[in-house]
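Here is a short report on how one chain packs together. Look at the sequence and the model first, then read on.

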Amino acid sequence: MLNTYTTKSGDTWDIIAYKVWGDEMYMDILMKENLEYKDIFIFPSGIVLKLPEITLKVSASLPLWKRGVVVNE
């Protein structure tokens, strides 16, 4: 996984979380890792954000194939 993300003009915290981890719910973790930028709501291009290592949560209600589970027949 990447350790940093360089913003593009118009990025927001939730958009970045979605781009990096596939879910906006990780936005708060991203913000906590980059408190020096907490007052920015819409990013200009070129800001390098630190990306924390996280464990992605997978809902048990998803079908097996969407959870990445391979079922051998």
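The buried residues of helix α1 pack against three elements: β1 (4-6), α2 (27-33) and β2 (48-50). The model is predicted. Helix α1 spans residues 13-21, and its buried residues are Trp13, Ile16, Ala17 and Trp21. They sit on the same side of α1, because they cover an arc of only 100° around the axis. Just after α1 comes glycine 22, with a positive phi of about 80°.

**Leucine 30**

What does α2 bring to this packing? One residue to look at is leucine 30, which lies in helix α2. Leucine 30 has a relative accessible area of 0%, so it is buried. Its contacts, leaving aside neighbours within four places in sequence, are Trp13, Ile16, Ala17, Trp21, Lys50 and Leu51. Trp13, Ile16, Ala17 and Trp21 are the buried residues of α1 named above. Lysine 50 is 20 residues away from leucine 30 along the chain, yet their C-alpha atoms are separated by 7.8 Å.

**Aromatic pairs**

How many aromatic pairs does a search of the whole structure find? The search finds two. In one, tryptophan 13 and phenylalanine 43 have ring centres 4.9 Å apart and planes at 75°, so the pair is edge-to-face. This pair links distant parts of the chain. Tryptophan 13 belongs to helix α1, while phenylalanine 43 is in the loop between α2 and β2, 30 residues apart. Both tryptophan 13 and phenylalanine 43 are buried.

Tryptophan 21 and tyrosine 26 also form an edge-to-face pair, with 6.1 Å centre to centre and 65° between the planes. Tryptophan 21 and tyrosine 26 are both buried as well.

**Threonine 7**

Now turn to the loop between β1 and α1, where threonine 7 lies. Is threonine 7 buried or exposed? At 3% relative accessibility, threonine 7 counts as buried. A polar atom of the threonine 7 side chain lies 2.6 Å from the backbone oxygen of proline 44. Residues up to four places away in sequence are not counted in the next list. Threonine 7 touches Ile16, Phe43, Pro44, Ser45, Gly46, Ile47 and Leu49. Among them is Phe43, the partner of tryptophan 13 in an aromatic pair.

**Salt bridges**

Side chains of opposite charge can pair when their charged atoms come close. The count here comes to two salt bridges. The table gives both.

| Salt bridge | Closest N and O atoms |
|---|---|
| Aspartate 11 with lysine 19 | 2.8 Å apart |
| Lysine 50 with glutamate 36 | 4.0 Å apart |

Lysine 50 lies in strand β2 and glutamate 36 in the loop between α2 and β2, so this pair ties together parts that are 14 residues apart in sequence. How exposed are the partners? Lysine 50 is partly exposed, with a relative accessible area of 39%. Glutamate 36, at 51% relative accessibility, counts as exposed. In the other salt bridge, aspartate 11 counts as buried at 3% relative accessibility. Its partner lysine 19 counts as partly exposed at 45%.

Lysine 50 takes part in more than one of these topics. It forms a salt bridge with glutamate 36, and it is in contact with leucine 30.

Key
Residues numbered from 1 in each chain as written. Predicted model: local features only at pLDDT ≥ 70, side-chain atom pairs only at ≥ 80, totals over all residues. Heavy atoms only, no water. Buried < 20%, exposed > 50% of the residue type's maximum accessible area, 1.4 Å probe, protein only. Helix = DSSP H or I, 4+ residues; strand = E, 2+ residues; numbered from the N terminus. Arc of directions from axis to C-beta. Contact = heavy atoms within 4.5 Å. Phe/Tyr/Trp six-rings, centres within 6.5 Å; stacked < 30°, edge-to-face > 60°. Polar contact = N/O pair within 3.5 Å; in protein donor to acceptor, adjacent residues only side chain to side chain. Salt bridge = Lys/Arg side-chain N within 4 Å of Asp/Glu carboxyl O.
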